[in-house]
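Trainee: I should like to learn how to read the features of a structure such as this one. May we go through them in turn?

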Amino acid sequence: MTLVGCAGPDPASAYLEDPEALARGGSVFTGTCSGYCHGVNVTIADVPNLFDCTWIHGGSNRDIYNTIANGVPGSRMVAFGGRLPDGDEDIWKIIAFLKSEASGC
Amino acid sequence: MAFRPSTYAFLSLFIVACADGGAPSPASEEEVEGEAGPSSGQMHWTNDRPIGLGMSGVDAAMLESGLEDPTRWLLYGGNYANYRHSPIQRLTPEAVPNLKLAWSFPTGTDRQFEVSPVVYDGIMYISSSYNRLFALDAATGELFWRYDHQQPDDLLVCCGPVNRGVAIAGDAVLMATLDARLIAFHRLSGEILWDTAIIDYREGYAATAAPLIVGDLAIIGIAGGEFGIRGFFDAYDVATGERVWRHYTVPAAGEPGVETWAGESYLTGGAPTWNAGAYDPETHTLFWTTGNPAPDWNGDEREGDNLYADAVIALDPDTGERKWFFQFTPHDVWDYDGNTQVFLIDMMRNGREVKALVQANRNGYFYILDRTDGRFISATAYVQTNWATIAEDGRPIVNPEALPSEDPSVRVCPSHLGGMNGAWTGAYNPGLGLAYIPAVESCELYRKGIVAFIPGQMFLGGGYELIDVEAERSFGVLAAIDVRTGETRWRYEDPIPLMAGTLSTEGGVVFTGTQSGFALAFNAETGEEVWRHRLGGGVRSQPIAYEADGRVFVAIGAGNGTFLESTGAPDILPEGGQLFVFELP
């Protein structure tokens, strides 16, 4: 959580130039966030599309970090903070992957 | 008039006093008076006037007689062997084009309307998405009583808030709920007789199937294979709601079969049981089927066959003790739940009678087993299938290129929806020896990734890329399959995957519906389309036929659902469940 309050570049920005980090983020996103939830290029009813440049809860990397780490109360989006294999690192790599895959923003 | 919303407060107190395992929260007066949405409050209208034809309660002999009496439709599968074959001879290819709409009824809920109605004593019972339950006059559609289940805000359902129907036993009508309860209602008054919690839904469990009544027991399975649950199915005393036995479908530590799960992967093994089974009175054997191991698309951490996922299990219904099992898809990594409908069919093969169990599996193969011992007899592809071939012992020989990967490029068939799927039913015409199987023809890319198990969160390990849907190459089929050979005799193709159930009639007709909103009927022998009627909403229900007041009716529900985009179905069609009941002039 301390990272959220920090000023300066966030880790996701750096990972945008790191193929291994992007691959890791893509794999964790695919395995944990896609399928019947956010999908892999699939539109599922009631679930936001994460590749259309529209961010309901804020589109900065830190906003997205907060959404993933803390979840969205009242929705199916649970808090993933501290629950992914590599912790915060995986969240930042997911964010980098999402930003790298989004088109037309 | 029968509606008595003001009695609800009294009834709530009654429930609290007699419930087993807790009771729903009482509704406020405002909720009782208003037409609330599906999850905004429990409402209950009971009935205190004489209804029905004066019949006594449903007994074991009635259930064993299946559909012999055309005024009844008592079981989800029509009979214990799941034929869904009406004895009504007047429903012929020549007569069916004359069907006229007799009445219709709205559920007031959205998402899939997957019900197979139950009819007894001149009364029809239908359940809707979000667990509304209605008792209707089977001839006129007049509403006698109604129950709207109060759903919690934090339901965990993977694939839509569905319910496929109720069971009936004695004077009780039983409905399983999305928050994993089993509730019994008096069939005439609608009052709650008992209300039992199956398990804590917050762990990822939900109940969507129609219970199956065997003797004094109501048997009900559970969904949750996408949440890393430990699968099971239960038997409850119909009279009291007390649980008699539970059969786990994933072994515990130290139990046989746990060696088929690497490490501690059995703890989150899935193997749900979300469809109704079958029962053979002759051998007093219950057959129940199981779904996918978890996580769905990444098997790296659960090396092994993953027993008893994707299997059919034969049991003693009195004790829940297993007699035998057969696993269709060992170490499934495609989400090929093994829980499509099973037919119990006696057939002649190579000059001897075989007591067979037949299933169009979601993995694309049509299986014939010996139901006395689970011995594999044959498997024949009934849709495009390239994930595996089947060896002589019934074990798949997996195509290594079909395994999910992090960068998939091979088009794998069938899709994660099937083939056939446990969300809808087939039918069997014993005179023609043909099973009617609605199915999806679609292939896709299977992608896997790193997955973390978080209780209450989907535990999938990957996803799918709908390349056939995007290319408009996916479509629906209704296949008429010779059950002795597995060969397809005729086949109807629809532009959109078929996801509705079927009804067969002694008069030689097969009914189903399309996601584009039509009810369809075919000549059962030739496949010629004989009737097409626009219902408006996409059809996901299980049609039935029955007689009431001396007249012949066909009932079929329409209403859209989740995953429309996954199937290429038209999303322009509006939501809203509606039952349509047609009559022969």
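Mentor: Let us begin with a pair of strands. In this predicted model, β36(B) is joined by five bridges to β37(B), residues 551–558, and the two strands run antiparallel.

Trainee: Which residue of β37(B) is the bridge partner of Y546(B)?

Mentor: The partner of Y546(B) in β37(B) is F553(B). As a general idea, the strands of a sheet pair through backbone hydrogen bonds, in either a parallel or an antiparallel manner.

Trainee: How many residues lie between β36(B) and β37(B) in the hairpin?

Mentor: Two residues lie between these strands, and D549(B) in the turn has a positive phi of about 55 degrees.

Trainee: What is the strand order of the open sheet?

Mentor: The order is β3-β38-β37-β36 in chain B, four strands with antiparallel pairing. The edge strands are β3(B), residues 100–106, and β36(B), residues 544–548, each of which pairs on one side only. Neighbouring strands of this sheet are turned against each other by 25 degrees on average, direction ignored.

Trainee: How many bridges pair β3(B) with β38(B)?

Mentor: There are six bridges between β3(B) and β38(B), residues 578–583, again in the antiparallel sense. Within this pairing, S104(B) stands opposite F580(B) of β38(B).

Trainee: Returning to β36(B), are its residues buried or exposed?

Mentor: Five of the five residues of β36(B) are buried, so this strand is largely enclosed by the rest of the structure. I544(B), Y546(B) and A548(B) point one way, whereas A545(B) and E547(B) point the other way, and all are buried. For this count, a residue is buried if 20 or more other C-beta atoms lie within 10 Å of its own.

Trainee: How should one read burial in a helix?

Mentor: An α-helix has 3.6 residues a turn, so residues three or four places apart point the same way. In α4(A), residues 61–70, the buried residues are N61(A), I64(A), Y65(A), T67(A) and I68(A). These residues cover an arc of only 165 degrees around the axis, which puts them on the same side of α4(A). Just after α4(A), G71(A) takes a positive phi of about 75 degrees.

Trainee: How many helices and strands are there in chain A?

Mentor: Chain A has five helices and zero strands. Of its 105 residues, 38% count as buried. Among contacts in chain A between residues at least 6 apart in sequence, 62% join residues at least 24 apart.

Trainee: How many residues of each chain are in contact with the other chain?

Mentor: In chain B, 27 residues are in contact with 21 residues of chain A. The elements that give two or more residues to this side of chain B are β28 (445–448), β29 (462–465) and α5 (564–567) of chain B. Of these, β29(B) gives the most, with four residues. The residues on the side of chain B that touches chain A divide into eleven nonpolar, nine polar and seven charged.

Trainee: What confidence does the predictor assign?

Mentor: The model scores ipTM 0.87 and pTM 0.91. Chain B has a mean pLDDT of 92, and 92% of its residues reach 70 or more. Over residues 1–40 of chain B, however, the pLDDT is below 50, and this stretch has 58 contacts in the model beyond near neighbours in sequence.

Methods:
Residues are numbered from 1 along each chain as its sequence is written. Chains are lettered from A and ligands numbered from 1 in the order in which they are written. This is a predicted model: local features need pLDDT of at least 70, side-chain atom pairs count only at pLDDT 80 or more; totals for chains, interfaces and linings use all residues. Two residues are in contact if their C-beta atoms, placed from the backbone, lie within 7 Å. Ala, Val, Leu, Ile, Met, Phe, Trp, Tyr, Cys and Pro count as nonpolar, Asp, Glu, Lys and Arg as charged, and the others, Gly among them, as polar. Two strands pair if DSSP finds at least two bridges between them. Axes are lines fitted to C-alpha atoms, for helices over the stretch in contact, and angles run from 0 to 180 degrees between N-to-C directions. A residue is buried if 20 or more other C-beta atoms lie within 10 Å of its own, exposed if 12 or fewer, and partly exposed in between; C-beta atoms are placed from the backbone. The arc is that of the directions from the helix axis to the C-beta atoms. pLDDT is the predictor's confidence in each residue, from 0 to 100.
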